[in-house]
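Let's take a walk through this one, starting with its rings and ending at a proline. Keep the model open as you read.

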Amino acid sequence: MDLSRLAVGGASAGGHLAAVMAHLCRDYGYPLKLQLLIVPVVDMHSSFTADGKFDREITPYESYREMEHTVPLPAERMAYFHRQWLGVPRPEPSEDVSCFP
C-alpha cells in the first residue's frame with residue numbers, strides 16, 4: 001500500500017465515518033493525503049439526550065433548531081438514526097464515536 005496516497009471521504013453518515021477514520025489515522029501515524037467530507041455528521045453527542053432524543057434546549061447549533069422540522073431530514077428522524085448507531089443509553093462522548101466530544 002502506498003501511504004502517500006491514502007484518502008478518506010463520505011457524505012452524511014459516510015462523512016461521519018470518514019472523519020472518525022481520519023482521527024484514527026492521525027492517532028496511528030498514517031498520513032492522509034485527502035479528507036473529503038460532504039455534509040458530515042461529526043458531533044454525535046451535544047444535541048441529543050442520553051435516551052437518544054433531540055433536545056433543542058441543549059443543542060449548541062442554531063441550525064439544528066432552525067431546521068428541526070425540515071422535510072428532508074427532521075430532527076426526529078436524525079434522532080432515530082443516532083439511536084440505531086449508538087444505542088440507548090448512548091455511550092459517553094469519545095473520538096471513537098464523535099469528532100467533537
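**Rings first, then a proline**

Counting ring pairs with centres within 6.5 Å, you get five aromatic pairs in this predicted model. One of them is F48 with F54, an edge-to-face pair with 5.8 Å centre to centre and 65° between the planes. Those planes count as edge-to-face because the angle is over 60 degrees. Both partners, F48 and F54, are buried.

Now swing over to the tyrosines. Y61 and Y64 also make an aromatic pair, with their centres 5.7 Å apart and 45° between the planes. That angle is neither under 30 nor over 60 degrees, so the pair goes down as tilted. How buried or exposed are Y61 and Y64? Y61 has a relative accessible area of 29%, which makes it partly exposed, and Y64, at 23%, is partly exposed too. Buried would mean under 20%, so neither tyrosine gets that label. Step back and the phenylalanines and tyrosines belong together: ring pairs link F48, F54, Y61 and Y64 into a cluster.

Last stop, the proline. P74 sits in the loop between α2 (62–66) and α3 (75–86). Loop or not, P74 counts as buried, because its relative accessibility is 18% and the cut-off is under 20%. What does P74 touch, once its neighbours within four places in sequence are set aside? The answer is E68 and H69. For a sense of scale, try C25: from P74 to C25 is 49 residues in sequence and 32 Å in space, C-alpha to C-alpha.

Methods: Residues numbered from 1 in each chain as written. Predicted model: local features only at pLDDT ≥ 70, side-chain atom pairs only at ≥ 80, totals over all residues. Heavy atoms only, no water. Phe/Tyr/Trp six-rings, centres within 6.5 Å; stacked < 30°, edge-to-face > 60°. Buried < 20%, exposed > 50% of the residue type's maximum accessible area, 1.4 Å probe, protein only. Helix = DSSP H or I, 4+ residues; strand = E, 2+ residues; numbered from the N terminus. Contact = heavy atoms within 4.5 Å.
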